[in-house]
2 protein chains.
Amino acid sequence: MTDIAVLGCGVESSGVAEVLERHAQGIEARCGAAVRVRHILDVQEFPDSPHRDRKTDRMADILSTPSIGIVVETIGGATVALELTRQALRSGRHVVTANSELVAAHGPELLELAAENHVQYRFEASTGAGIPVFHPLEHCPAANSISRVTGILNGASNYILKQMHRHGTDFAVALADAQQQGYAAADPAADIEGLDAARKIAILSSMAYETFLDYRDVHTEGIAGLCAVDMAWAEKLGGFIRLVAESKRTGNGILSRVSPVIVRRDSPLACVDDMFQAILVEGDLLGEALFCARVPEKRRTASALVADVIDLVGNPDAHVHPRWQRTAGRNAADPLEDEVELFVRARTGGDNEGARRMASRLFGQATFFQMEESETKDEIAFLTGRQVERELRRKIGRFAGGLRLSDVEPGAAMQADVVRVLRFGV
Amino acid sequence: MTDIAVLGCGVESSGVAEVLERHAQGIEARCGAAVRVRHILDVQEFPDSPHRDRKTDRMADILSTPSIGIVVETIGGATVALELTRQALRSGRHVVTANSELVAAHGPELLELAAENHVQYRFEASTGAGIPVFHPLEHCPAANSISRVTGILNGASNYILKQMHRHGTDFAVALADAQQQGYAAADPAADIEGLDAARKIAILSSMAYETFLDYRDVHTEGIAGLCAVDMAWAEKLGGFIRLVAESKRTGNGILSRVSPVIVRRDSPLACVDDMFQAILVEGDLLGEALFCARVPEKRRTASALVADVIDLVGNPDAHVHPRWQRTAGRNAADPLEDEVELFVRARTGGDNEGARRMASRLFGQATFFQMEESETKDEIAFLTGRQVERELRRKIGRFAGGLRLSDVEPGAAMQADVVRVLRFGV
């Protein structure tokens, strides 16, 4: 018999208890021991829960129960969860979590604290819950050099963008739908502003490159401004828009960003058109390996947490402790130094021809696209061609900022109102 | 320092030595010990190899070297490799292999022998070399019930079918190309007749369902008869043909088969259009998880073997021994009892209208398709609708066997020459 304690009493917490009960027989056969939830910590009462007999509101009850070897933290956030995780690790308990906010902010310290106390801090469930990407990332750096990790990591924004693309739904309606379906949180800021995806790509990068990447160094843009016309343009260009998180090793450090991107249908990541999450890992011998999951993250979290628990019970000494050294200086490269291709959509006030001529001169290798729909008749849209992003942004600034066409064509003048700039192609 | 021995001196063997050397530093850091190839066993001489100083032709040299804790078997086949694997396991060495033929035929006995000798027999590299699917399969049965595994597992046939589809290449030419590129073996029978895929799906099934599935119980069809017209039809129907291996749990046992299938472009497996291998795992909490790899299997094998070696060195006691019980009776279900949809292409001798009428009466819900190309003008092609395969095959037999149309339509008679029957939709 192995006892565990669960911190928090929300959906994840009851999910863990339920999965452990439903698969009790298989787990016992596999681990050589039954796994039982001994205590559930929460300050609230939950009189209607089937697990109410195990409820406690004192962490001391858990810490003073010697049979408890593993603590599952499902509280979320980085305040109470941080303090209780520290207490659990210091007391010699393994800790398992899906809390990407806590891992992204305090991963190095908590991993060190775990190592000092000869226990493990496990968080496979924190990024793409249940997409089994950690095991390869943990084992690859020896046999492969991972060069790049690209992912569609936030299930809520994926759902919202899919609804907008397929059904022409407005952003606000799609968001409300996602909240109602339980894909987005009541406070959706972390989902739609890209913070959740930034934390997850930071965690994946830290695993892959074995150096801690601070999520605050991930250049992050959200999806809130996007509208149906953008979706139509993405379709026209042979793709669809998703919130893409990306990181790669460069000579100047780890280049990472989260932003809405037009994903081409011939991209490996295009499989998420019908899936909820996708992670593409590139390495020298591994080549490209793609992991996708169709079930919404929230429904997989409990399963992923239990998988980590089982690993700990079955192989308590097995885990290789990840080493997330904080570097002395900043280890993040400037994403604007990367070569990219941008999609630009601009209102012209009527002189489409003039605007196109101007864009041609400025960008050199712009490719123009047209739509029949009347709503875009005062607009032009083009792909810039691949160039260093800083240079492209400078040119877009000139294009938008009332560039006098006389700069490039004597006597002419016009102003373009840049409506949207999106990265094209992943 | 951990010493290993490699059996065999082919591409995989030198690949293992090369990967170990190239990543020596990372491996030492991760495992806490350097990993060195101490002996390479082969009966041939290889005077030009950089590893010739470690060559031996006597297994006794390996067995009598106490520092060797791990043996990597790269011989292939199930004769010499079987005997040497047994010797290595009995002598208390872990064995790592990519040999799907050996694992599929003798897995249960070798796993038992390993357990008896308190060592591990590891073969992650044997199926989808380096697609990290074993770890989730090993850990899933506790937290998830795996219900189905579907894969495009044979890289050679995938390459051949892609060439045929994209470039209109003849089968024989595409095969020769695949052999020249090193994707297909000099004797390609196991690749193109589906045997390799059958062994791999049997191994994956045994992992997923924790009961040994004999690969000889996998209903297996190959790809040798396919031609450019089939590819054109697949395109017309919104897909492409791949050799698909599939297994699922049913009330009557494990239903498994390997056959050419028209994969629809909206299927998760469609990502292999541009990849080399794909494995889709379905489970109750996991939902659908998809793993794909773009690099050809052969180039990933060495990396996958080394990953298993590293796991053993880093965590020698960590592995959960898979249990592959042979069942008393046959545990395979009859694939003909499954509901499927079939694509049928038949020559009519000119009376397309009559043949269509006949097919309509026979199959009830047939959907007909037409092509403009003249070469198919004496043909009809249709999808049968979903029915139990045994029933569909019986109807196709009647259709092909000179069914007198008078059976269904008084006074009429005709014979259809069924050119192709393919499963539709994965």
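## Chain A: helix α8 and the nonpolar core

Chain A contains 14 helices and 18 strands. The model is a predicted one. Chain A has 426 residues, and 51% of them count as buried. When contacts in chain A between residues at least 6 apart in sequence are taken, 72% join residues at least 24 apart.

Helix α8 of chain A spans residues 171-180, and A:Ala174, A:Leu175 and A:Ala178 are buried in it. Viewed down the axis of α8(A), the buried residues fall within an arc of 100°, so they line one face of the helix. The face turned away from that buried side carries A:Ala172 and A:Gln180, which are exposed. The cover over the buried residues of α8(A) includes two other helices of chain A, α7 (155-167) and α9 (189-192). Just after α8(A) comes A:Gly182, with a positive phi of about 85°.

The helices named here are listed below.

| Helix | Residues | Place in this account |
|---|---|---|
| α7 of chain A | 155-167 | among the cover of the buried residues of α8(A) |
| α8 of chain A | 171-180 | holds buried A:Ala174, A:Leu175 and A:Ala178 |
| α9 of chain A | 189-192 | among the cover of the buried residues of α8(A) |

In soluble globular proteins, nonpolar side chains tend to be buried together. The largest nonpolar core in this model has 250 residues, and A:Val309 and B:Val309 touch the most other members. With neighbours within four places in sequence left aside, A:Val309 is in contact with A:Ile4, A:Val35, A:Ile70, A:Val72 and A:Val96.

Notes. Residues numbered from 1 in each chain as written. Chains lettered and ligands numbered in written order. Predicted model: local features only at pLDDT ≥ 70, side-chain atom pairs only at ≥ 80, totals over all residues. Buried ≥ 20, exposed ≤ 12 C-beta atoms within 10 Å, placed from the backbone. Helix = DSSP H or I, 4+ residues; strand = E, 2+ residues; numbered from the N terminus. Arc of directions from axis to C-beta. Contact = placed C-beta atoms within 7 Å. Core = buried A, V, L, I, M, F, W, Y, C linked by C-beta atoms within 7 Å.
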